[in-house]
Amino acid sequence: MYTKCGHVDYALKVFDEMPHRNLVSWTALVTGFSQNARFSECFKAFSEMRRAGESPTQFAFASVIKGCVVLGSVEIGRQLHCLALKLGLSCELFVGSNLADMYSKCGVMVDACRVFEEMPCKDAVSWTSMIDGYAKSGEFETAVVSYKRMINDGIGVDKYVVSSALSACSALRDCRFGKCVHSTVVKLGLEVEVAVGNALVDMYSKSGDMESASNVFRIDPERRNIVSYSSLINGYVEMDEIEKAFSVFVNLKREGVEPNQFTFSSLVKACANQAALEQGIQLHAQVVKFNFDRDDFVVSVLVDMYGKCGLLDHSIQVFNEVATPTEVAWNSLLSVFAVHGLGNDALKTFSRMVQAGVKPNAITFVSLLTGCSHAGLVEEGLKYFYSMEKTYGIVPRAGHYSCIIDLLGRAGRLEEAEEFINSMPMEPNVFGWCSFLGACTIHGDKERGNLAAGKLIQLEPENSGAHVLLSTLHAKMQKWDDFRIVRKMMRDSSMKKLPGYSWVDAGNKTHTFGAKDWSHPQKKEIYEKLDSLLDQIKKVGYVPNTDLVLHDMDDNSKVELLHHHSERIAIAFALISMPAGKPIIVKKNIRVCLDCHSAIKYISLVVGRKIIVRDNTRFHHFADGLCSCGDYW
């Protein structure tokens, strides 16, 4: 009575005054300590019960095993398991269920499974423990299979087990079976349960079915919480529906729900993907306001966001404010240095990371090798690639091999790159063949270029990039018949070259430009500025590289075509629209061309402005007539 009312000390006093204690009183004391979360005393009472010569009941065993779960003590749990086997109680429903639950919650799923399968009778509690354990330990397919077995055995489900099953479906992006679970939820009237609603929103969001996620989210406004809001926001971010993600965030704040680190991580990630600097800065202020500026994941996405928006110094500053960065934060900084082509800084950062006692992982080496590739650090890149397994115990994956193909290809070491490809334990992926084809195009190797293009077309027949690069290679080598064959092939298959676009943010708006774009309201001022820039840069040494224009036209027409490339139009617009002290940041969806790269160097010189261009592979920082890439990219 006293223990069930929470007065454990009174119960202990009564127990101590008892002249004779029996199995019932000992069991009541042990279970009482367990029910009131006094597990150390529970273990002590259980031991004294054994010394008193009493053989523990299944209820006493279940109570102390629960203590092992709370304290995370799998070793004591194993000792109790041995004792239960010795006393013949391990197959009792209460003992078996709690042993399975203990092993699963301690992450020892092999032992949990063995105990579970040995149980002659399995109830909803034991099934739930197993399904939840599989889901939390990352064995999602096994969790789904176990849920199906539970249903087939006719065991009734509750909100806990459907939440675990939905969690597994979410991780597997298995919307089809998730809908089957949802139908069970509706049949049992569990949609109003907060945990179940959260799990449904998360499952649909991660499966990309945002309409269903939104429908579930709207069922009961009173039961929405930060978990469901964050799941919906993240779903919209993953589907690249950024405006809807921010709309949900606005509603969240309007409803008085306080955002958490997961909310901010998703939104800042969205800003990074879109290079939406102004929104990213506003979110950073919110992060500081809610004291998440020391959270590992939030810091990591902030480092990434500033890096992808071109503000390298801001990335470094955010990183340096973290007292003890984890591998996630280190990897973000390495990735930023890589995409900015700062290979030496990436190498120094890697050394600092290792010296700080942080173990690198596979992602670390992708960034490190990419940085070496963009900076032309061939020997360093090779050294770290071959040290991955030997020194750090990391088996290189297809992505790492692709980085080495890119590393050797950019350096013009095409024969070595081909030998490397032939020695790989797997076929190169799309990125690997694309890198090799791009290198063959730049360095004019028709034979290897044809090989790479053939492989790339096999992997992605609809990829226009392979055909464009191959036709460019033929044109560069003046193989016009081959050039026309490839272009005809593209026309016959209705394959279109990806048009080049550039965009720049000004006045809280994103302005997008295409080549020879006449659609902007300020077109007159833009093209006047563009013509003025051409006159200025020609005076300081700019000479248009008309050889890059693969069309049959006169040189003046070629110069005009180059002059009206989208990145130059975007820069001209930025110069007439943005204050002098603000850096110009232009984003481009394809690789910046050689002639534009040369022209922008001269533009940065004549206007005295820093110009940052992000193309589809890296950043270029132009200032005083120079580029950060050192003309190696």
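Start by selecting Glu 278, which is partly exposed, with a relative accessible area of 31%. Keep in mind as you go that this is a predicted model.

Now add Lys 582 to the selection. Its side chain and that of Glu 278 meet in a salt bridge, 3.5 Å from N to O. Colour the surroundings and you can see that the pair links distant parts of the chain. Glu 278 sits in helix 17 (residues 277-289), while Lys 582 lies in the loop between helix 32 (566-577) and strand 3 (584-588), 304 residues apart. Lys 582 is partly exposed too, with a relative accessible area of 35%.

**Next stop: Glu 379 and Arg 413**

Select Glu 379 and Arg 413 together. They form a salt bridge whose closest N and O atoms are 3.1 Å apart. This pair also links distant parts of the chain, 34 residues apart. Glu 379 belongs to helix 23 (residues 378-392), and Arg 413 is in the loop between helix 24 (398-410) and helix 25 (414-423). How accessible is Glu 379? Its relative accessibility is 49%, so Glu 379 counts as partly exposed. Arg 413, at 24%, counts as partly exposed as well.

**On to Arg 448 and Glu 418**

Stay with helix 25 and pick Glu 418, then add Arg 448 from helix 27 (residues 446-459). Between Arg 448 and Glu 418 there is a salt bridge, with the closest N and O atoms 2.7 Å apart. The two residues are 30 apart along the chain, and the pair links distant parts of it. Glu 418 has 22% relative accessibility and counts as partly exposed.

For a group rather than a pair, select Glu 75, Arg 78, Asp 111 and Arg 114: salt bridges that share partners join them into one network. Across the model, the count comes to 24 salt bridges. As background, side chains of opposite charge can pair when their charged atoms come close.

**Last stop: two packed helices**

Finally, show helix 30 (residues 523-539) and helix 33 (residues 594-607). At what angle do helix 30 and helix 33 pack? The angle is about 90 degrees, and the axes are 9 Å apart. That makes helix 30 roughly perpendicular to helix 33.

To view the contact itself, turn on these side chains:

- From helix 30: Leu 533, Gln 536 and Ile 537.
- From helix 33: Ala 599, Tyr 602, Ile 603, Val 606 and Val 607.

By class, this contact of helix 30 with helix 33 has seven nonpolar residues, one polar residue and no charged residues.

Technical notes. Residues numbered from 1 in each chain as written. Predicted model: local features only at pLDDT ≥ 70, side-chain atom pairs only at ≥ 80, totals over all residues. Heavy atoms only, no water. Axes fitted to C-alpha atoms, helices over the stretch in contact; angles between N-to-C directions. Helix = DSSP H or I, 4+ residues; strand = E, 2+ residues; numbered from the N terminus. Parallel < 35°, antiparallel > 145°, perpendicular 65-115°, else oblique. Contact = heavy atoms within 4.5 Å. Nonpolar A, V, L, I, M, F, W, Y, C, P; charged D, E, K, R; others polar. Salt bridge = Lys/Arg side-chain N within 4 Å of Asp/Glu carboxyl O. Buried < 20%, exposed > 50% of the residue type's maximum accessible area, 1.4 Å probe, protein only.
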